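Please look at the sequence and the model shown below. The paragraphs that follow lead through selected parts of this structure step by step.

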Amino acid sequence: MKYKKQLIAAVLIGFSLLTGYLILYAFFHREKGDLIFIIFNSYALLAIVLGVVMAYRRERNEQYKKELTHKRLTYLTQNLTAPAMLWNDSFTEVILNDALMELSNLHKHEDLSAQEIVPMFFGKKEKLTDEDIREIVNAKNQEYSFTARGGVLHDMIWNTSAVETDEDGVTWLLSIGMDLADIRQMESKLKIYTNRLSASEGRHNLIMELMDVGLLLIEQGNPQFFISEKLQRMFGLRSISITIPEIRKLIYPLDAVAFDTHVQTMRSHMKHFIGKTDTLELRICSADGQYHWYSYRYRATTYRDSGRLVVGGTVIDISGEKQRDATMEKIAYEDTVTGIPNRNKLMRMGKELYECTTELHNSYWVIVMDIDRFHLINDTCGYTAGNAVLRSFADVLVKQLTQGGFGARISGDNFALILRDTGDEMLPEKVIAKIQRALLTKAVSDISNRSLSCSAGYAKMPADGDSFEHVLEHAEFALSSGSKALGSVSRYTSAMHDEIIYDSNLETQLHEALSHNELELYYQPKVSLETGDIVGLEALIRWNHPSGKIISPGIFIPIAERSQLITQITRFVMYDACRQMKVWQTMGLPDTVVSINFSSTDFYQENICAQIQDALNKYGLAPSCLEIELTESLALMDIDTTIARMHELRKAGIKLAMDDFGTGYSSLSYIEQLPFTIVKLDRSFVTEMHNNPVVQEIVHSVARIARTKQINTIAEGVETQEQAEMLRAAGCEYAQGYLYGRPMTAKATEQYIRDCLKKKAKH
Ligand code: C2E
Ligand code: CA
Ligand code: CA
């Protein structure tokens, strides 16, 4: 190749020299017309020189390019980790990379020609023919054996391809080899690994079967749960995967909120559960069609290959354990009458959900419901019917929860509901309307001809309170501030909050009211239905607020009860009533009985009897002139203490009235069990009596039973002569109400008593 170029160059230089000589010769021996010849020759010479220069440069370029390609190929070969060699079909050159050098045990300094080296790798001893080379290039997975220096035999598979052909027609070939020993080793490793894998998988499944557990798995971003065969059998399913809505349908309605919270937590916070084990206990409808308790112990991890998050764990039927715990749980968290969760459970659940809202940025509705006129049903139809109503209500409530939610009976006839906020601001109203509709049909079937309705108040969590307790309190507040109409529904608003603020301001002011003598006792007469004579006076407290308003006890007594201020108020009432009675007695007015109202806290005070005695002694008033009004709810708190305390007061000669009879869990048995001297029928009896024969019947029974126990009966809230007449006919002895006189100041009362005496004297 190099010789060829030099020859061309020599010929060209020779030719140029010859032409130059001819030009010079013609110039010195020029004759006419020779100049043209000279010029022509000069141009010819210039063209030849230029041609030679250009040809030379092109040659240089191509040479450079070829060298570059060659360099690249060499570099590539040398950097391959597999055994490889670069060679050409003229056997002028061969390059072995390090891997092949090592395998063949050849050394760089060994002076072997390509003609000797290349055939050796393809199991040949002589020079390779064109036929051999073609075969080598076309071979696919063909094995070639070679003996390395030192005698080791290697089986190889070569992959040879022609990478370059230069202009001389020399083809460069790149052969990359694979040592079959390596491949075989890899194959056997893979086999062992596969065997091991399937063995461990089999063992794993076997363990799972023996342990009697189900497996549940959910991957991040995948809307399906994967379930093991065992779990399929447990739930009566036929597929290895189940969608979230499908599994949700199997979950007991009361547990749906817990499930939703879990799913949501996993969706947004799965990675927080890596390495942590947690448990979720749910009732799930199983293959036998019954709800079973399951414990799902789960933790999150990532797939080793993809890094994708997955959460999974074992599902175990814990119905047995649950049954054992059930009695404990029942006492603590289940309402005995309805069997649904009680207030304790609601508080626990509510608190948990409240905590979730801050993390998950979701919200819930908290609805509180009250059965309208429940006390009437209870009173007129009895306890059993009342309980049946509560159970019916609970039933209606639980049916509402199929879409998720949590329901509980929180007190007497109050129920609460927690619903997930779906973004529909009307959801609580819709759900309440549904409950109300369901109650109407229930009423027809279950409680003869009585129509049942409920009122509700609701609030949003966490927006409407800084704790679950607050949100619930606000929902209850909304319920109590709603219109008094049956079936009223009201939402908690911040304006209501202002009312609460007003309450707390009032509480501060109430402290001062006591020391500033702003409290005053009014008196309302109690009269005999038979004779019309005054038989007693009820002391009813009023607050003469510095603003000039008279605040009624209905507003400030509940505030005082919450803040323990009630003790001081009752003390004031006790002493002031005794003082006033003594004043009237000293004035010569006839002896009469004053009744004072007690809150439950007052009644349970250790030294209450001593205090009363002290008030009586201070003003020298006979105990027979004092009556204490207690509500029946008080008796429900601690029946033994109640009875003991009542006997103590009775022994001291003090009278005891059962106030507001018929508003709560009224039971005629209280009249029989508890040492009351008088029963006060609640105003609701009086208002209902004229159009409800059942109520009339109750009044009759109460009066009759009371009389057999030497207990008097008084009706409160008597406003009309007609009511008075009906009560008298039913056997009620006394009455109190606007018909006879409103609560009045001491001064007005004094006048009232004097007027009555005058009237009587006239007759
Ligand atoms: P209560 O003991 O049931 O008192 C009867 C309430 O009915 C009184 O309301 C009275 O004014 C009202 N009333 C009487 N006759 C009629 C009538 O014909 N029609 C109507 N619509 N209402 C009538 P008041 O004075 O506002 O007291 C409300 C409640 O506050 C009382 O209910 C009692 O529970 C409580 N209270 C009043 N004074 C005291 C007190 O000194 N200590 C305690 N602990 N509670 C008190
Ligand atoms: Ca009273
Ligand atoms: Ca009352």
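The text turns to metal sites, then to a sheet, and finally to a surface patch. The model is a predicted one.

Let us begin with the calcium ion (ligand 2). Which residues act as its protein donors? They are Glu538, Asn597, Glu629 and Asp659, and their donor atoms lie 2.1 to 2.3 Å from the ion. Glu538, Glu629 and Asp659 contribute OE, OE and OD atoms respectively, while Asn597 contributes OD1. Along the chain, these donors follow the spacing E-x58-N-x31-E-x29-D. Distant parts of the chain are linked in this way: Glu629 belongs to strand β21 (residues 626–631) and Asp659 to strand β22 (residues 655–661), and the two are 30 residues apart. Are these two donors buried or exposed? Glu629 has a relative accessible area of 1% and is therefore buried, since the cut-off for this class is under 20%. Asp659, at 7% relative accessibility, likewise counts as buried.

A second ion, the calcium ion (ligand 3), lies 4.0 Å from the calcium ion (ligand 2), and Asp659 coordinates both. The calcium ion (ligand 3) is coordinated by Asp659 (OD), Asp660 (OD) and Glu716, which appears with two OE entries, at 2.1 to 2.5 Å. In sequence, its donor residues show the spacing D-D-x55-E. Here too, distant parts of the chain are linked: Asp660 is in strand β22, whereas Glu716 is in strand β24 (residues 712–716), 56 residues apart. With 24% relative accessibility, Asp660 counts as partly exposed, because this value is not under the 20% that defines a buried residue. Glu716, in contrast, counts as buried at 13%.

The next topic is a sheet. Five strands form an open sheet with mixed pairing, in the order β13-β14-β12-β15-β16. Which strands stand at its edges? They are β13 (406–411) and β16 (489–491); each has a single partner strand, so one side of each is left without a neighbour in the sheet. On average, neighbouring strands of this sheet are turned by 20 degrees against each other, when direction is ignored. As a general principle, the strands of a sheet pair through backbone hydrogen bonds, in either a parallel or an antiparallel manner.

Strand β14 (residues 414–420) can now be followed through its pairings. It runs antiparallel to β13, to which it is joined by five bridges. The two strands form a hairpin with two residues between them. Within this pairing, Gly407 has Leu417 of β14 as its bridge partner, and Arg409 is matched with Phe415 of β14. Strand β12 (residues 364–371) also pairs with β14 in the antiparallel sense, over seven bridges. One of the bridge partners is Asn414 in β14, which is matched with Asp370. How many of the residues of β14 are buried? Six of its seven residues are buried, and the strand is thus mostly covered.

The final topic is the surface. Leu18, Tyr21, Leu22 and Tyr25 form a nonpolar patch there, and together they have about 450 Å² of accessible area. Leu18 is located in helix α1 (residues 2–28). This residue counts as exposed because its relative accessibility is 52%, and the class requires a value over 50%.

Definitions and conventions: Residues numbered from 1 in each chain as written. Chains lettered and ligands numbered in written order. Predicted model: local features only at pLDDT ≥ 70, side-chain atom pairs only at ≥ 80, totals over all residues. Heavy atoms only, no water. Donors = N, O, S within 2.8 Å, 3.2 Å for Na, K, Ca; no water. Helix = DSSP H or I, 4+ residues; strand = E, 2+ residues; numbered from the N terminus. Buried < 20%, exposed > 50% of the residue type's maximum accessible area, 1.4 Å probe, protein only. Patch = residues over 30% accessible without salt bridge, like charges linked within 9 Å, V, L, I, M, F, W, Y side chains within 5 Å. Areas by Shrake-Rupley, 256 points an atom, 1.4 Å probe, with all protein chains shown as cover. Salt bridge = Lys/Arg side-chain N within 4 Å of Asp/Glu carboxyl O. Pairing = 2+ DSSP bridges. Axes fitted to C-alpha atoms, helices over the stretch in contact; angles between N-to-C directions.
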